Amino acid sequence: MNLDLYTLYMLSMVILSIAMVAYMILATLGSRGKREPEKKVITVLRCSKCGYTRTRDFKEGDYVGKVVDEVCPKCGINLVIDAIYEESITGLNQVLRNKRKRERTRKRQVARNGSS
Amino acid sequence: MANATSPWFGGGSDLATWIIAISILISTILSIFAFLGVAQGFQLRIWKAQIESKLRILENYRDEVRDEVRKRLEKLGARNVEEVLNTALDYFVISPVSIEPTDIIKRLERVLRTEEERLEALVTRSLGSKVDDVVVKNSVTLLAIANALNILYKYIRHILLTGIKTRNALLVAQLWMLLPFYMRIAKAYYDASKVIARGVPIGDAAGPLAAYKLMKMLPRIEGPVEITKDTIYSVHEYENRRVIVVKAKGPGSTVGRPGEAVEKIVETLSPSSIASIITIDAALKMEGEPTGSIAEGTGVAMGDPGPEKIRIERIAVRHKIPLYAIAIKMGLEEAITAIKKEIVVGVEKAVEHAKRLIVEETRPGDTIIVVGVGNTLGVAQ
Ligand SMILES: [Zn+2]
């Protein structure tokens with residue numbers, strides 16, 4: 001073998017520093033990629049007579065206790081907002097949503113590049 | 001022999017000697033620098049750069065909230081928007097003299113009420129008289145958030161500049177270490193502004209939401225009546241008892257004056273007939289506790305600076321009324337951003353707990369006051 005003690009020491013130092021730099025870069029990229037889950041505000045509508053409930057997306061102007069225009073399919077009376085809360089979209093929904101969003105931005109970019 | 005066969009590894013020993021010599025030289029120079037305080041200067045510069053980048057984020061938060069309020073006010077046809085913003089963003093409250101404690105709570109109440117009334121008047125005057133009360137309340141809350149972000153930004157900038165001017169590395173280091181905590185608060189305020197602008201209830205609405213559920217659940221005898229500014233009560237029947245439910249008047253962003261309301265209710269009714277006062281409020285959870293869990297205790301569950309809380313305590317002492325409290329646990333960010341499903345579930349549990357408490361601790365014929373404490377944004381009655 002051609003390796004003496006000094007070269008061995010040098011080589012191990014070089015390998016160690018490369019490994020450290022690589023780890024740091026990976027760690028930085030990893031933390032940047034992690035995003036907080038997307039959130040969505042839900043409004044729960046309830047029929048005060050029969051207890052029928054239905055959820056839909058929050059609309060500006062909604063508040064708990066408001067009588068809305070939507071009617072109960074069974075009783076025909078107006079529904080009341082029973083609760084409003086925030087839900088995080090996780091799992092498959094999140095994946096699909098992110099994918100759709102990415103596609104949309106890519107299409108927009110393509111369109112912009114094409115027009116300019 | 002090795003030199004002849006391998007040009008790379010052959011000169012290895014010579015190269016390594018040089019590298020080691022240079023490393024020793026560099027570390028010697030660095031340790032001399034460290035003694036001279038140069039290293040600290042470098043460190044200070046790194047801290048400064050990092051604090052400055054966070055300050056830019058903070059400034060952004062403040063400007064975005066300010067622009068949001070400006071946009072909203074202009075859309076509603078407000079006049080002198082810039083003037084309103086300038087006054088509200090730098091508005092300050094001087095705390096009362098505390099070395100003379102007599103009446104301090106009255107003085108504090110006066111100061112806080114003046115602030116509230118002044119900011120509301122500022123927005124009302126700018127918008128004209130025809131405007132909806134809910135819009136005024138929400139705008140005032142947004143202005144208060146912009147004010148808090150502005151003060152936080154100015155404070156951090158002040159500490160940084162003072163630290164650099166006086167070359168106080170420790171002051172800058174301390175600021176750098178506390179910064180993640182301040183940024184967490186700033187982010188929560190920033191997120192809160194988005195939610196409040198849309199009229200979505202926040203986590204702190206847990207108390208008023210519990211009061212609302214109770215009002216819907218129990219047969220109503222009387223009300224709702226506005227008993228004092230922004231605060232309503234209604235009378236209900238439950239298991240042959242009279243339950244008076246108190247909450248801030250929704251759906252605008254306000255906490256009302258629950259203390260004054262309870263005081264008035266107890267004093268106008270025959271005082272001996274009040275069997276107990278139950279307060280339901282959002283409470284800061286400890287790290288590790290689940291959001292939306294509930295706990296029962298005693299005292300007045302209320303996060304105000306003191307004036308409202310003390311009114312209930314005093315009236316309870318005067319008439320020997322037991323005080324029960326139900327806390328709905330949540331984190332700091334959760335309390336001021338959009339209400340989570342776990343908290344709504346917690347509210348339902350709190351309502352059931354309050355009903356059980358009424359049955360267990362009072363007798364038929366008694367009158368009980370239940371107060372839903374908190375900001376009632378997005379929750380009506
Ligand atoms: Zn129905």
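**Helix packing, a zinc site and a loop glycine**

Colleague: Which residues of α7(B) are met by B:Leu119, B:Glu120, B:Val123, B:Thr124 and B:Leu127 of α6(B)?

Modeller: This is a predicted model, in which local features need pLDDT of at least 70, side-chain atom pairs count only at pLDDT 80 or more, and totals for chains, interfaces and linings use all residues; side-chain values use heavy atoms, without hydrogens and water. Residues are numbered from 1 along each chain as its sequence is written, while chains are lettered from A and ligands numbered from 1 in the order in which they are written. With contact taken as heavy atoms within 4.5 Å, the α7(B) residues met by these five are B:Val135, B:Val136, B:Lys137, B:Ser139, B:Val140 and B:Leu143.

Colleague: How many nonpolar residues does the contact of α6(B) with α7(B) have?

Modeller: Nonpolar covers Ala, Val, Leu, Ile, Met, Phe, Trp, Tyr, Cys and Pro; Asp, Glu, Lys and Arg are charged, and the others, including Gly, polar. Two residues of this contact are polar and two are charged. The nonpolar count is seven.

Colleague: How are α9(B) and α13(B) oriented to each other?

Modeller: The axes of α9(B), residues 206–217, and α13(B), residues 341–361, come within 9 Å and cross at roughly 55 degrees. Angles under 35 degrees count as roughly parallel, over 145 as roughly antiparallel, 65 to 115 as roughly perpendicular and the rest as oblique. The two helices, α9(B) and α13(B), are therefore oblique.

Colleague: How many charged residues are in the contact of α9(B) with α13(B)?

Modeller: In α9(B), B:Lys213 is among the residues that meet α13(B), where B:Glu348, B:Glu352 and B:Lys355 are among the partners. The contact of α9(B) with α13(B) has nine nonpolar residues, no polar ones, and a charged count of four.

Colleague: What is the geometry of the zinc site?

Modeller: The protein donors (N, O and S atoms within 2.8 Å of the metal) are the SG atoms of A:Cys47, A:Cys50, A:Cys72 and A:Cys75, 2.3 Å from the zinc ion. In sequence, these donor residues follow the spacing C-x2-C-x21-C-x2-C. Angles among the four donor atoms run from 104 to 115 degrees, and four donors qualify if all angles lie between 85 and 135 degrees. The site of the zinc ion is tetrahedral.

Colleague: How far apart in space are B:Gly299 and B:Glu74?

Modeller: B:Gly299 lies in the loop between β5 (294–298) and α11 (307–318) of chain B. Beyond its neighbours within four places in sequence, B:Gly299 contacts B:Thr279, B:Leu323, B:Tyr324 and B:Ala325. B:Glu74 is 225 residues from B:Gly299 in sequence, and their C-alpha to C-alpha separation is 44 Å.

Terms used
Helix = DSSP H or I, 4+ residues; strand = E, 2+ residues; numbered from the N terminus. Donors = N, O, S within 2.8 Å, 3.2 Å for Na, K, Ca; no water. Tetrahedral: all angles 85-135°; square planar, octahedral: opposite > 155°, others 65-115°. Axes fitted to C-alpha atoms, helices over the stretch in contact; angles between N-to-C directions.
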